[in-house]
Structures are given as C-alpha cells and as structure tokens.
2 protein chains.
Amino acid sequence: MTGALFAPSSLPTGTAVDYGGKVTDCASCVVRNRAICASLDAEELALLGKLGRNHRVNAGQTLMWEGDDAPVVANVLDGVLKLVLAAAEGREQIVGIVFPSDFIGRPFGKESPYSVTAMTDAEICIFNRKSFDDFANAHPDLQHKLLRRTLDELDRARHWMMLLGRKSAEEKVASFLLEMSERLSGQGCGGGPQSGFELPFGRQQIADILGLTIETTSRQLTRMRAEGLLDLPSRREIVINDRAAMEAIAG
Amino acid sequence: MTGALFAPSSLPTGTAVDYGGKVTDCASCVVRNRAICASLDAEELALLGKLGRNHRVNAGQTLMWEGDDAPVVANVLDGVLKLVLAAAEGREQIVGIVFPSDFIGRPFGKESPYSVTAMTDAEICIFNRKSFDDFANAHPDLQHKLLRRTLDELDRARHWMMLLGRKSAEEKVASFLLEMSERLSGQGCGGGPQSGFELPFGRQQIADILGLTIETTSRQLTRMRAEGLLDLPSRREIVINDRAAMEAIAG
DNA sequence: GGAGAAGTTTGATCCAGCGCAAATTCGTCG
DNA sequence: CGACGAATTTGCGCTGGATCAAACTTCTCC
C-alpha cells in the first residue's frame, strides 16, 4: 500500500534519508516542547532535524505491519494512531493509542511488534531507525526522555491489562471514557479534563480497545445515556454528565 | 509488615543507605552478566556496589504497595516475584512476572504503580531510588540498558493485553504454558524451551495472570491432560507432550 | 436532495466462563 | 501414622457478554 514510503534505505548510517516528505523544521515544530526533542538544545535539534522528514498520513493508512521490518521511527505532530495486535480469526486488540508529541516505532529492534495505523488524518515526523538509534546513543538526554516515556507507557499498558482481565463491560466503558476525557483534553488548551469531547474513533475501535464486541459497547453507551450518566450529541461526541458517578462505576 | 526494611531514607542523595542487608559484592554476583549491571565496567560496578544491599525475601512478602511511595529499586538475583494491580472486590490482575536478572521498581517516579510481591523465596539487590536515579543519569550505558529492558517489557505487556482482551480460556492457558516453558528454561542451563518444568506458582495465581477464575483454569488444565496434550506429575509441574498442538491452540 | 454505503443500534438467542458448594488431593506437623 | 488445613478439582446452575440478524441512522458522493 505504502511500500515506497517506508522502504528500507541502503544509504549509510547517519545519512539523511529522503522518504519523500518535507524537510523537518524543528524550530517551529508544534510539539517542540512536548516530544522527546524537548531534551535537545538548538544545535542538537538542528542535527536531528536533518534526519527527520515530515509526512502526512491518511486516516486508515497503516504505517507498519506487525512482525515486518520497521526501518523507521517517528514523532506524531498531529492526529491519532493506534497500535494493533491481531488474534486469530480477524479479531483485533488495540494495545496503544498514540497522540501528538508521542513517539512511535521500536528503537533498537528491527521488527515492529505491532501494526501502526492512523485513526485520523495525521502528520508525523519520520526518522530512519538506524540513524535515530545512532543519534540517540550519542545523546543521553534524548535516551533519558525516551526512557521516561517508555516507563510511563508501560505503566499505562499494565493498568490496561488490569482493565482487560478483571473489569466488567460497564466498568471498562466507564474507565475508557474517563481516560479519554483526560488524554484528549491534554491535547487542546490546558486545564483539567473536559466533560464533553469528541472521540477520534468509532464504536468498533472502542470495542477493540476494551476487549469487547461492538454490540456490547454500543449497549453500554445507550444504557448510560438512558440513565442520564452521559449524552451522545453525535456519533463521536461524548458528554459526561456525572463524572463522580462515572468514576464510581469505573472502580 | 516490613516497614523498616524499605522506609524512606532521609540521608542525602548519593550516600550509601543501609537497609539492613548485606553489602553487595557485584563482582561475584550471579546475575552480573545478565542484569542491567552488565553495561558497567569494573570501576563503575564498584561504585554502584556501594549503593546496593542484598536482601532475602520470603514467599508471600510484599515489597511495595500499589500507590505507595516506593523509595527503592532492585535487581532480582534469585526467585520469582509478581507485579499486581487490584480491581474492585478483592479481584487481582497480575501485570508482570519478574525473574532473576530482571529489574523491579519505578526509576524517576516516586509512587509504585503496582504492588510487588514475592511468589517464591527470593534474593534481591536493593538500591535507594534517588541514589540509583543519580547514578543512572551519570551512566548513559546503564540507562541504555534500562531503556532496552523497558521496551522489551512493554512489548511483552502489549502481547499480554491481546491475550487478555481477545483470547478464549483455552487459548490463554496454552499461551501461558508455552511462554512459561520458555521463560523458565531461560533460567537454568541454556538451550531451547523444555517440555517439562515446574511453575513457581499455584492455580489461583495462574488465574490472576490470565484474567480467569481458578475453576476455569483448573478445568482447562484437566481437559488438556485428558486429551493427552500435557501431563501434570504434581501440582506445580507441567509436561507438555505435544508442543505443536499447543502452539496451534495458542494461536 | 437522493441513493448507496458504512456505521450504529436494537432484538433475540446462545454459550463460555463465572459463582457457589461439595468432594478430593496434597502437604505438613504433632 | 494420622489428622488437620490449604490448595485443587469437580459438579451444577446461572448470567454477562457473544453471536446472529435485522432495522435504523449518518455520512458521502453524484
């Protein structure tokens, strides 16, 4: 599908590889202060900038496939992507959701452990993995930032394991809505979690996040609306009316 | 229970803190070449050794509690520990299993995101977290090692998420047995996975790993034995008779 | 603005895994 | 050895969520 886009490069390590995208301008980058690049000074940033290329990705497009060689890593500038593992018979589990300023790809390892697919149109800043690895090894602060991010991501993954293994459908949906209201509000202008927000994905994807079927997910939302816990102004909009009750349900 | 053992220290950063354990002798450490310490040369190791203390832990003893301040991190020298998150009503999900040479605790963050409990008698090498953080910041190779370990752990956690969200009880048990046969054989002398091995935990804990009840877990094992897939010589011993069939079930 | 496609909701039925309780096996300590 | 306690297995009924199917809603594109 996007074969040429991410084809492994045969250029020597450290050389800027052109993936066809626009040259990165780190100084004016929208996630300059939030992404791992925040650990770098102006000079280092200029070096890293030479390795990066900006790319637009369409909703639904898959950047990397589970198990395939993944010759690139990237920062997300805009949009939302999902990390997916496939089970038997077309079943899928979403194992991570990636927001702007988050990092995607697997440094120091060549196979991608999961598929990465854009859930919305997105913009990302791509690096050749090997070049990035070398750069990271030469810049401890960047690795430190990456380590912290990975530790946070691991904590989040483990909490999600508890949700998947031990929560009921109702608890799962409530937990999900609360987490999304927090992570999505982190996006826009500051402040605490917003009661109303727009989900960047549909029912099937919510189901794939929660380890449920689309029908169960839909039924839970309908029931919560009937009970006045929330409103559903449109397909992707959620308004939490009673946050305290929602938290009580989430457990 | 073990309050004094891990009480936060008020000593200044970088000072060796005595937790009551024996002084670490890194040079003769059983996990010297496998733990993150393998990134250090003799001189660095001597420095780190001054910060570490060896400790014995009894089976069932909890080192850190979910949400509590966790003033220490540690390497596991011997034994097996579990990372646990509690859900409502006494339900528990095991979110990680820690083997010798693995690292426990949360560097660069003060609250422990989960409980850490010994499943067998264990021996660990403990560091004051703040001292360790400082040491790590001064030694990029150590951070690199820690980053790689954390990335691997994240991959494992995400695969476990897929298991918890999308696999049937039968698939869960098969996957579990295969993974355990690999990780446990990594322990002893080299070679591939062993068909027979001893689990370091009982049925309830297997259930807590797989997001099942103890009854369902037991029934699956009994059924697999009846079908000749495996033998159960004793409560904690497993012998996989037909690995190929087991892999086919695991999916 | 209307036809078609895609996504969502709702209904009806089914069954894998849960919950409770009793029986059994295993370990261990006097 | 024997008896107690803990862990595990087994039986049985039930239910939460899955599955199958159909209606409905919302977008898209002409």
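**Figure 1. Burial and fold of chain A.** In this predicted model, 42% of the 251 residues of chain A are buried. Chain A holds seven helices and 12 strands. Among its contacts with a separation of 6 or more, 72% join residues 24 or more positions apart.

**Figure 2. Residues around DNA strand C.** The strand is surrounded by 20 residues. Chain A supplies G202(A), S218(A) and T222(A) to the closest group, and chain B supplies S168(B) and T216(B).

**Figure 3. Elements facing DNA strand C.** Two or more residues come from each of these elements: α5 (203-210) and α6 (214-226) in chain A, α4 (169-187) and α6 (214-226) in chain B. The top contributor is α6(A), with six residues. By class, the surface near DNA strand C has seven charged, eight polar and five nonpolar residues.

**Figure 4. Residues around DNA strand D.** Here, too, the view centres on a DNA strand, with 20 residues around strand D. From chain B, G202(B), S218(B) and T222(B) are among the nearest. From chain A, S168(A) and T216(A) belong to that nearest group.

**Figure 5. Elements facing DNA strand D.** Chain A contributes through α4 (169-187) and α6, chain B through α5 (203-210) and α6, each with at least two residues. α6(B) gives the most to the surface near DNA strand D: six residues. Eight residues of this surface are polar, seven charged and five nonpolar.

Notes. Residues numbered from 1 in each chain as written. Chains lettered and ligands numbered in written order. Predicted model: local features only at pLDDT ≥ 70, side-chain atom pairs only at ≥ 80, totals over all residues. Near = placed C-beta within 6 Å. Helix = DSSP H or I, 4+ residues; strand = E, 2+ residues; numbered from the N terminus. Nonpolar A, V, L, I, M, F, W, Y, C, P; charged D, E, K, R; others polar. Buried ≥ 20, exposed ≤ 12 C-beta atoms within 10 Å, placed from the backbone. Contact = placed C-beta atoms within 7 Å.
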